[in-house]
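Q: Can we go through this model together? I would like to start with how far to trust it.

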Amino acid sequence: MTGPAATSATLPPAEDRPGGVSRRGILATTAGVAAAAAFLDSSPAHAQSDTTDDAGPDSVDLAWLEGRPAESPGSTWGVPWGPGRFPEDQQFQLVADDGATVPVQTWPLAFWPDGSLKWTGHAIGPAATQESFTLSAGAPAAPAFPVTVSDAKNHIDVKTGVITARINKRGTDLIKHVKRGDRTIVKGGHLVNITQAEAPDPETGSVTRDRFTSDIEEVTVEQDGPVRAVVKVQGHHRKTGGRGKSWLPFTVRLYFYAGGESFRMVHNFVYDSDGDDAFIAGLGVRFKVALTDKMYDRHIRFVGEGHGQLTEAVKGITGLRRDPGKAVRDAQIAGKALPDPSTWDQRVTSRLHWIPDWGDYSLTQLTSEGFAIKKRTKGGHAWVPVDQGRRASGFAYLGGPSGGFGFGMKDFWQRHPTGLDIRNAHTDEATVTVWMWSPEAQPMDNRFYHDGLGQDTYAKQLDALEVTYEDYEPGFGTPYGAARTTELQFWVTEATPDRDRLGHMADAVRAQPQVIAPSEHMAAAKAFGGLFGPVDRSHPFKEYVEDVLDGNFAYYKTAQDQRHWYGFWDYGDVMHSQDEDRKAWRYDVGGYAWDNSELSPDIWLWLYYLHTNGADAFRFAEAMTRKTSEVNTYHLGEWAGLGTRHGVQHWGDSSKQVRVSNANYLRYFYYLTADERTGDQLRALSDSEKTALVLDTGRKIRQDEYVPDPTALEIGFGTSWAPLAAAWLTEWERRGPDWEACKDKILGTMETIAAQPNGIAQGSALYNMETRRYAIAENPVTERSNLSNGFGRLEIIPELLVNVDMPAFEADWLKYGRFYIATRAEQEAEYGGRFGDLFLWAYSRAAAYAAVKTGDDALAAKAWQVFQTQYPWWEGNQGWPHETQKVADTLNPTDWWPRMSTNDAAQWGAAAIQNLALIGDHVPDE
C-alpha cells in the first residue's frame, strides 16, 4: 500500500484494546494542524477519478471485534473509502492471513458526490474464520457452495448448500420448512403473541388472554447471494380463530450465508396501542421440530453462564438404580447415539418402559440476576424444578444423532423477561419457542406512571417542570408507535453438537461475530468526517485525557451492571443524572431519569469505539443505538419520525423532537454493520421535517402567534436542522428513492443558513418545504441556546463540508467556531450579542476544527485551554478517574463519583476524542 494506506495496521487481540479488557491502546504519531488540515481539505468536489493519496487507503486490514470466533454463522460489515478512490462498480477481493482467498460479497452502501464509493458492505460465510483479512480491489473468489434464491408464486426457497429454507408469501408460517438434505428437520416457523385487555392486581384479579399469530402481508428478496441472502417478511399479528383483531405490525428479516447450516432472524415489531387496553403477556418465535430418534437419543441442551450446560435426554439412563453400562452413560452425556439396548445391562433394558419420558422443558429469565429451569413429563402434570443460575446465554438445543435444532436470542438476560421453551419432545413433533417476553412474567404494562397531578394547562406544566424537570402534557405519554428489534440465531444440525461446539454456538448468539476495520483506516478514509484517530499516549496530557475517556466509559459500564439498567424496553439506555443523597441515579425524578440520548451519548460511545476499536465500547454503543432508534422513536401515527425527551418512561415526556430520533446516532451503526433495519429507519427519517406541521415544539413557551405552514415552518439551525441534515445526507449518499430531493434540501439549507444576517448564529428561520430553503431574516439575532451544538451539529457539519464545496457556509461555520470560545465582548462586537456559555469546554471542538481548517495555531492552543480550564473535572484533578468511592450502604454495593452526569460525560467524551484527533500536537504541557 502507498500513501495513507500505510497507516493501516493489523489490530491487536481484543484483550489488548482499550474499551475491551486492557487499556494499552494503539499508539499513533502526531500529525500536526497542517497535516490535519490537508487531510480535511480533500473534498470530493475536487477529487479526481484516478486514485491519489488524497483519496485515502486503497486496501484495508480487517480483524474480528472480539477476536477470532470458534463458531461463526457468517459476518457482515461496512468499510469506508476516501473520495475518488474507487468507482461505483468496483469489485473487491478478500485474502486471509494464511494466504487463502476468501469468498466475499460486496455491495455499495454510500457514494461520494462524484459517484465514487464512500462505504461498501461486505459479507463472508461461516467457513471464513481466519485471524485477519485484507480487503482490496480485485475479482472476488467464488464460494464452493453459493447461496441461491428461487422465487415461486407462493414461496421463496433459499439454499445455502447445506440447508434449504422455504419461506411462505402468505399465511401464518413465515418459514414453511427447513431441510437438511432430504430430511425436514424444522417446519412451521411463526410468530406468537399472547395479549390481555387489562392488568389487574395479581392477588385479586383474573383475566382472559387472547392468542395471536403472524399473518404475512409482503415478502421481499433484498439480497440473493452468492455469499449472503436476505429475505424480508412483513405483516401483523392476527387473533387466532378467524378474522379477528390484527395488531403489532412486524418486520422480520431472514439471513442466510453460503455453506451455512444456520440462519439469522432480525425481528422487529411496533407497539400500536396507547397501553391502556392491550397488555402483551407473551411475544415469541415458534418452530416445530421433527424427531425420529429413540427417546434415549433425544438430547436437551441449555447453555447457562459461560459454557455451563444442562445436559439431558428425554429418557435419561444415567443415575438409575441399575447401571446400563459406562459406555452407554457416556454416550448419552456426549450426545452420541447409544448402542443397541441388547448390549446394555438387561436389568435396565427390560425395564426401559418404566423410565418416564420428559417431554417439556422451560428456561425462564425473569430478571437480569436469575434464571430457572423446570421440566415435566407432559402437559397436565406437575413441573419439576431442575436448577437455577444467574444469566443464561439464551441458547438451547433439541435433537439427536439424526439431526436437531439450535435456537437462541441475543441479549437474552439483558432483555428480560425472556424464555426458552421445549414442548412435546416425547412425540414425533416437538415445538420450541424463543420468548422475547415470557408468559411466565407479569404482562407488559405501558400505561403512564401517574395521573397528571392536575397539570391541565401549559402554565401548570411549566411550573411542574421547575421541580421535577418533567415536561408533562395530557395524552402525550403514549407508547403508540414505539418499537423493539430482537436478533435471533438458529442452527439446523446434522447431529447433536459436542459440548465445546454448543458453548461456541452460545457465544455466537450472545454476540454475532463482527469483522471490523481499524481506527487508522476509518480516519484516513474520512469516515464520519474524520473527527477521530487512534489512541495516543505519547504525551502526559494525552495520557491523562485517554485515562479519563477510559474511566468515563468504565464508570457507565459498571453502573449499567450495578444499577441493573436492563429490561425489555430499557436495555441500551443509561440514566441522565445522579442523586447525591440517595447515592443512586434519579430513576424516579422526571427528566433526570432515563437519558433517551440527551446531549448525544450515542455519538460519544461510537466515537469512543472508533478511537479504541474496543469490543465493550462497540457492544455498549450497539445496544444504545438499537434502543434509541426503536424505543425512543415513534414509528407509527402522526408523531412518526419524532423521538421523546428524557424521562421516567421512555415515551412519557411531552417534548417530541427530531433531536431524539436523530439520524446522527444511527449512521455509525448502519455504516459499520450494514444493518438493514437501521437502514429502514434512516430512510424513514429523510422527510421528518414534515413532523413540524403536526407538532409545534415551542408551543408552551411561544409568545407570538404561530400556525405551522409548509411554506413557513420554524425549524431551528441546531437541535432540528442537524438531525435533519444527517438524515438528508444519508439518503443522498445512499441514492435512496428521494436522494435528489434530499441533496437539494442539504444545498438549499446550507446556502440560506450562511446567508442569514448572523449566519448559523442566527439560530432559526422559517423553512419552506416547497423551495427547500430558509427565508432570510431581516434583522440579525444571536442565538443563546446551549443545546444547539449538542445533538450532532458539530459532527455532521464537518462531514457535510467534506461532501459539499460551499465556501460561504464553510467560512460562516469557521467564524462561528472561532468566536464560540471568544470573550463576550468579542462575540458582541462581531454578532451584536453573545452565545450561550454552558458546555463551553465541549464546544471547544468547533474551535479545534476551525483551527485545523485555517491553520491557526493560536486558536488550537486556545481550544485546549478552554477544554482544560472550563470543566469542573479538572479542578485539582479531584482524583478522577482512579478514586471512585465504594458505597456499601445502598441496596447493592456500588461505585460512586459525585461529579458524573451523562450530559457532561457525553459532550466531554466527544470533545476529547475530536480535539485529540484535530489538534493533538497542541496539547498543553501540563
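**Confidence first**

A: Residues 1-32 have a pLDDT (the predictor's confidence in each residue, from 0 to 100) that stays under 50, and the model has 88 contacts for them beyond four places in sequence, a contact being heavy atoms within 4.5 Å. Residues 43-52 also have a pLDDT below 50, with 19 contacts beyond near neighbours in sequence. This is a predicted model, in which local features need pLDDT of at least 70, side-chain atom pairs count only at pLDDT 80 or more, and totals for chains, interfaces and linings use all residues. Residues are numbered from 1 along each chain as its sequence is written, and side-chain values use heavy atoms, with hydrogens and water left out.

Q: What does the chain average for pLDDT?

A: The average is 93, and 93% of the residues score at least 70.

Q: How many helices and strands does the chain have?

A: There are 19 helices and 37 strands. Both are DSSP runs numbered from the N terminus: helices are H or I with at least four residues, strands are E with at least two.

Q: What radius of gyration does the chain have?

A: The chain has 29 Å, which agrees with a compact globule of 926 residues, because that would come out near 29 Å. The radius is taken over C-alpha atoms, and the globule rule is 2.2 Å times the number of residues to the power 0.38.

Q: And what share of the residues is buried?

A: Buried residues make up 62% of the 926. Buried means under 20% relative accessible area, exposed over 50%, and partly exposed in between, with a 1.4 Å probe and protein chains only.

Q: Which residues have the most contacts inside the largest nonpolar core?

A: L62, I124, Y556, W721 and F809, in a core of 155 residues. Helix 19 (residues 902-919) gives the most to this core, with 10 residues. Apart from it lies another core of 77 residues, among them I175, F250, M295 and F405. A nonpolar core here is a set of buried Ala, Val, Leu, Ile, Met, Phe, Trp, Tyr and Cys residues joined through side-chain atoms within 4.5 Å.

Q: What does I124 touch?

A: Leaving out residues up to four places away in sequence, its partners include W64, W77, F133, Y257 and V515.

Q: Different topic, K118. Is that lysine buried or exposed?

A: K118 counts as buried because its relative accessibility is 2%. K118 sits in strand 6 (residues 117-124). Beyond four places in sequence, K118 touches residues including W81, W112, E733 and E799.

Q: E733 falls in helix 12 (residues 721-734). How many of that helix's residues are buried?

A: In helix 12, 14 of 14 residues are buried. Its end C-alpha atoms are 20 Å apart, which agrees with the span expected for 14 residues at 1.5 Å a residue; the expected span is 1.5 Å times one less than the number of residues. Just after helix 12, R735 takes a positive phi of about 55°.

Q: Where are there cis peptide bonds?

A: One runs from G225 to P226, with omega near 15°, and another from H416 to P417, with omega near 5°. P226 is in the loop between strand 13 (209-224) and strand 14 (228-239). P417 is in the loop between strand 24 (403-409) and strand 25 (418-423).

Q: What about H564, what is its phi?

A: Near 60°, a positive value in a residue other than glycine. H564 counts as partly exposed, because its relative accessibility is 30%.
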